[in-house]
Amino acid sequence: LFGRTVPSDDGTAVPVIFYYRRVLSVRHLAVLHVDSSYGNAYAQGLRDAAAEYAPDMTVYLIVHSDQRIIDTVKQLKATGCTYFFAVLDGGKKGRNQVLSYMD
């Protein structure tokens, strides 16, 4: 018999929110994330942590899609946020696509 415990990402979301709100004084944060169980859960964890520990912070959740990267970046820009947090799949492809379209 084999079993393992996978901790929730809710606990790791709290220090991220503390850093953005208390250190960087961010009040509007866009969270760009992949549409997967991990990406959706982590993004929701960030939103929940902000609601509890930084209630004056607005968190925008944006789903990233490789097929429609330009639409993803347009959504990100439309938030007007100066800062964003990204939860992307491994590798540099997704990150480089997003950053190349940010200009």
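The chain exposes about 6600 Å², and carbon and sulfur atoms supply 52% of this surface. These values, like those that follow, come from a predicted model. Of the 103 residues of the chain, 34% count as buried.

The chain contains 4 helices and 3 strands, and, read from the N terminus, its elements follow the order α-β-α-β-α-β-α. When contacts with a separation of 6 or more are considered, 76% of those in the chain are accounted for by residues 24 or more positions apart.

The interior can be described through its nonpolar cores. The largest nonpolar core has 18 residues, and the members with the most contacts inside it are Ile17, Tyr20, Leu29, Leu46, Met57 and Phe85. At least two residues of this core are supplied by each of H1, S1, H2 and strand S3 (83-87). The surroundings of isoleucine 17 were examined with residues up to four places away in sequence left out of the count, and on that basis isoleucine 17 touches Arg22, Leu29, Leu46, Ala49, Ala50, Ala54 and Met57. A second core, separate from the largest one, has 5 residues, among them Ala30, Leu32, Ile62 and Cys81.

Charged side chains were considered next, and a search of the whole structure finds 2 salt bridges. In one of them, the side chains of arginine 21 and aspartate 56 meet at 2.7 Å, N to O. Arginine 21 belongs to helix H1 (residues 10-23), whereas aspartate 56 lies in the loop between helix H2 (37-53) and strand S2 (58-64), so this pair ties together parts that are 35 residues apart in sequence. Aspartate 56 counts as partly exposed because its relative accessibility is 34%, a value between the limits of 20% and 50% that bound this class.

Aspartate 56 also takes part in a salt bridge with arginine 27, in which the side chains meet at 3.8 Å, N to O. This pair, too, links distant parts of the chain, since arginine 27 is found in the loop between H1 and strand S1 (28-34) and aspartate 56 in the loop between H2 and S2, 29 residues apart. Arginine 27 has a relative accessible area of 45% and is therefore partly exposed. Through the sharing of partners, the salt bridges join Arg21, Arg27 and Asp56 into one network.

The loop between H1 and S1 also holds serine 25. Although serine 25 is not a glycine, its phi is positive, at about 60°.

Definitions and conventions: Residues are numbered from 1 along each chain as its sequence is written. This is a predicted model: local features need pLDDT of at least 70, side-chain atom pairs count only at pLDDT 80 or more; totals for chains, interfaces and linings use all residues. Side-chain values use heavy atoms; hydrogens and water are left out. A salt bridge is a side-chain nitrogen of Lys or Arg within 4 Å of a carboxyl oxygen of Asp or Glu. Buried means under 20% relative accessible area, exposed over 50%, partly exposed in between (1.4 Å probe, protein chains only). A nonpolar core is a set of buried Ala, Val, Leu, Ile, Met, Phe, Trp, Tyr and Cys residues joined through side-chain atoms within 4.5 Å. Contact means heavy atoms within 4.5 Å. Accessible areas come from the Shrake-Rupley method with a 1.4 Å probe; for residues, only the protein chains shown count as cover.
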